[in-house]
Amino acid sequence: MKVFASISLIFFNGRGALSATYPNDPDSNPPTQWASMMGSNKFDQHCSPFGVSIFAKGWPRNKFVHACNVLAQMLDNNQNGCADDANVVKMIRMTQSGMAMFATENSASWNQVADTFHGQSLYADETELGCSGSSESGNCRDAAIEEILHVVTAKGVGPAYPSKFSDCYTNINSISEMQAQMDIARGGHFTSVPNNYPAGSIFHYDDTTCDYSCMGTEFIYWALTSLLNGQDARANNNAVEWEANTPAQLQSKLPGMYNLLVNNPTSMQLMSSSGVLPGSNSASGATGTYRPSSQTCQSGCGLDGSGCGAQGNSEDVDHCQSSPTAPTVPTPPVPTTPTAPSTPTTGTLNGEEACENHGYTQAECFQVGDGSCCQWDDGECWSQIAQNSCPGTGTAPTTPTAPTTPVPTPTHPTPTNNSCSDSSVRFKVWHPSRNVFITRDCTWVQNKPFRCGWDGVSLMCPSTCSECANCQDGGLRFKVRIQGVLRTRDCTWVRNRSTNIRCRFDGVSSVCQDTCGTCTASIFV
């Protein structure tokens with residue numbers, strides 16, 4: 001503990017940079033955009049093997065070091081100090097993905113995670129060093145293997161090799177080879193969990209919050225860990241979800257997936273018949289199994305992140321939009337308001353104007369503008385840059401703009417007791433199966449009402465979710481335009497000062513009903 005306290009002091013006082021050495025001292029400084037996540041009562045440990053961030057709060061030192069080495073060994077399974085497949089790491093970094101680890105699920109403080117960091121959850125009380133990798137048993141497993149592998153496959157392998165391993169597609173005519181094998185394992189193409197899986201299915205995951213994309217992430221975890229002898233001792237435990245727990249069973253019951261894993265286009269040793277799960281046969285977990293021959297990489301992606309591609313820093317990035325090999329189709333026309341030839345034009349469309357409500361297909365969505373503006377989710381095209389400018393969308397008509405005032409004064413309708421309506425603002429919601437925050441609105445909730453059960457959604461969309469009788473402030477962060485700039489705020493910000501003014505910002509009173517005193521009046525949006 002004394003050693004770690006001195007390391008923390010170096011970081012927080014800014015007296016020097018941490019220099020990681022694997023396997024025993026993996027500590028590193030976080031990227032600048034996420035430095036605010038570290039501090040008193042915040043995350044207290046950080047490592048970044050191959051430039052992929054792992055944040056931990058309240059973790060025992062040995063478990064934290066183990067988790068850092070699990071990720072390092074997954075990415076560098078041949079242990080030469082260079083990532084086996086730099087493209088996979090580049091995708092993880094581009095999609096701003098990593099690990100956000102708390103001591104227990106009940107102690108998790110997700111408001112301490114930056115909006116731009118897509119942190120996969122993992123808890124110290126489910127991390128078991130002595131039964132990690134292929135050393136699992138009927139009564140002991142290490143959740144670090146599963147949760148960290150989710151980041152590697154969903155945020156790295158899938159975007160880097162979408163035709164083979166993407167979990168993003170839902171149309172049966174465009175799914176990846178991995179998803180096609182999942183359909184075989186499930187006994188059919190089910191975009192949501194069926195009431196009953198067909199007889200003979202070997203993958204029957206029944207979590208209704210897990211959509212088709214999420215199912216793909218779970219499926220490749222089961223298949224790969226079974227190939228690498230990580231499930232053979234848990235066949236009875238796994239039977240409710242998975243029935244191909246050994247390499248021989250996988251090859252016999254699902255030969256297509258077996259062949260895809262042992263003969264795939266990646267250069268990841270982990271995803272091969274010679275791959276080794278981190279922590280196998282080691283009392284200290286991956287700290288005892290990851291022993292890189294070098295701490296540096298002369299050519300390629302190194303442990304310190306050099307040569308591993310740019311670190312993304314967008315608020316609404318989506319790994320399903322980030323694939324460098326998305327289908328090539330002609331760029332769709334971007335709708336613009338017709339103008340007379342003499343009408344001056346300027347600027348570009350913003351993300352919402354360019355991406356949303358045009359009926360784009362998934363391929364068209366990815367091709368809008370320069371390809372950086374839109375994301376695909378639940379069969380629709382959405383802006384991933386909010387209302388920021390979308391490069392490559394041409395020009396939009398110039399219209400007179402009224403001077404921006406900090407205090408908007410909308411005309412309020414006559415109050416009608418006991419009525420309510422959904423919020424008009426876009427809000428940040430935690431996707432329970434993808435383990436990331438996404439920005440959505442109540443129309444998206446209406447499309448699939450089960451989303452009302454997701455944390456905080458019912459208070460943002462009381463009409464859709466039949467929560468009109470419960471007058472409370474919404475607990476989620478939402479988008480509000482302040483002096484012409486779209487900002488992310490919450491109801492605590494509304495309460496802190498200038499409440500009457502802030503309640504008049506467009507959409508705020510419908511979110512912060514208690515603070516704004518709109519509980520028994522119609523919602524002013």
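**Figure 1. Polar contact between T116 and W34.** In this predicted model, the side chains of T116 and W34 are joined by a polar contact of 2.9 Å. T116 is situated in the loop that runs between β3 and β4. With a relative accessible area of 13%, T116 is buried. The C-alpha atoms of T116 and F437 lie 8.8 Å apart in space, although 321 residues separate T116 from F437 in sequence.

**Figure 2. Salt bridge between D115 and R477.** The loop between β3 and β4 that holds T116 also contains D115. The side chain of D115 meets that of R477 in a salt bridge, with an N to O distance of 3.0 Å. This pair links distant parts of the chain, 362 residues apart. D115 falls between β3 (97–102) and β4 (118–123), whereas R477 belongs to the loop between α14 (457–460) and β11 (478–482). D115 has a relative accessibility of 15% and therefore counts as buried, the limit being under 20%. R477, by contrast, is partly exposed, its relative accessible area being 34%.

**Figure 3. Salt bridge between R495 and D473.** The side chains of R495 and D473 form a salt bridge of 2.9 Å, N to O. R495 is part of helix α15 (residues 491–496) and D473 is part of the loop between α14 and β11, so the salt bridge ties together parts of the chain that are 22 residues apart in sequence. The loop between α14 and β11 is also the location of R477. R495 is partly exposed, with a relative accessible area of 43%, while D473 counts as buried at 15% relative accessibility.

**Figure 4. Salt bridge between K164 and E177.** In the salt bridge formed by K164 and E177, the closest N and O atoms are 2.7 Å apart. The pair connects two helices: K164 is in α5 (residues 162–165) and E177 is in α6 (residues 177–186), 13 residues apart. K164 has a relative accessible area of 24% and is partly exposed. E177 likewise counts as partly exposed, at 37% relative accessibility. The structure holds five salt bridges, among them the pair shown here.

**Figure 5. Helix α7 and the residue N229.** Helix α7 comprises 16 residues, from 212 to 227. From its first C-alpha to its last, α7 reaches 23 Å, which is close to the 22 Å expected at 1.5 Å a residue. Of the 16 residues of α7, 16 are buried, so the helix is largely enclosed by the rest of the structure. In an α-helix there are 3.6 residues a turn, so residues three or four places apart point the same way. N229, just after α7, takes a positive phi of about 65°.

**Figure 6. The protein chain as context for the close-up views.** The protein chain contains 18 helices and 12 strands. Of its 525 residues, 54% count as buried. Among contacts between residues at least 6 apart in sequence, 60% join residues at least 24 apart. The chain exposes about 22000 Å², and carbon and sulfur atoms supply 48% of that area.

How values were computed:
Residues numbered from 1 in each chain as written. Predicted model: local features only at pLDDT ≥ 70, side-chain atom pairs only at ≥ 80, totals over all residues. Heavy atoms only, no water. Helix = DSSP H or I, 4+ residues; strand = E, 2+ residues; numbered from the N terminus. Expected span 1.5 Å × (residues − 1). Buried < 20%, exposed > 50% of the residue type's maximum accessible area, 1.4 Å probe, protein only. Salt bridge = Lys/Arg side-chain N within 4 Å of Asp/Glu carboxyl O. Contact = heavy atoms within 4.5 Å. Areas by Shrake-Rupley, 256 points an atom, 1.4 Å probe, with all protein chains shown as cover. Polar contact = N/O pair within 3.5 Å; in protein donor to acceptor, adjacent residues only side chain to side chain.
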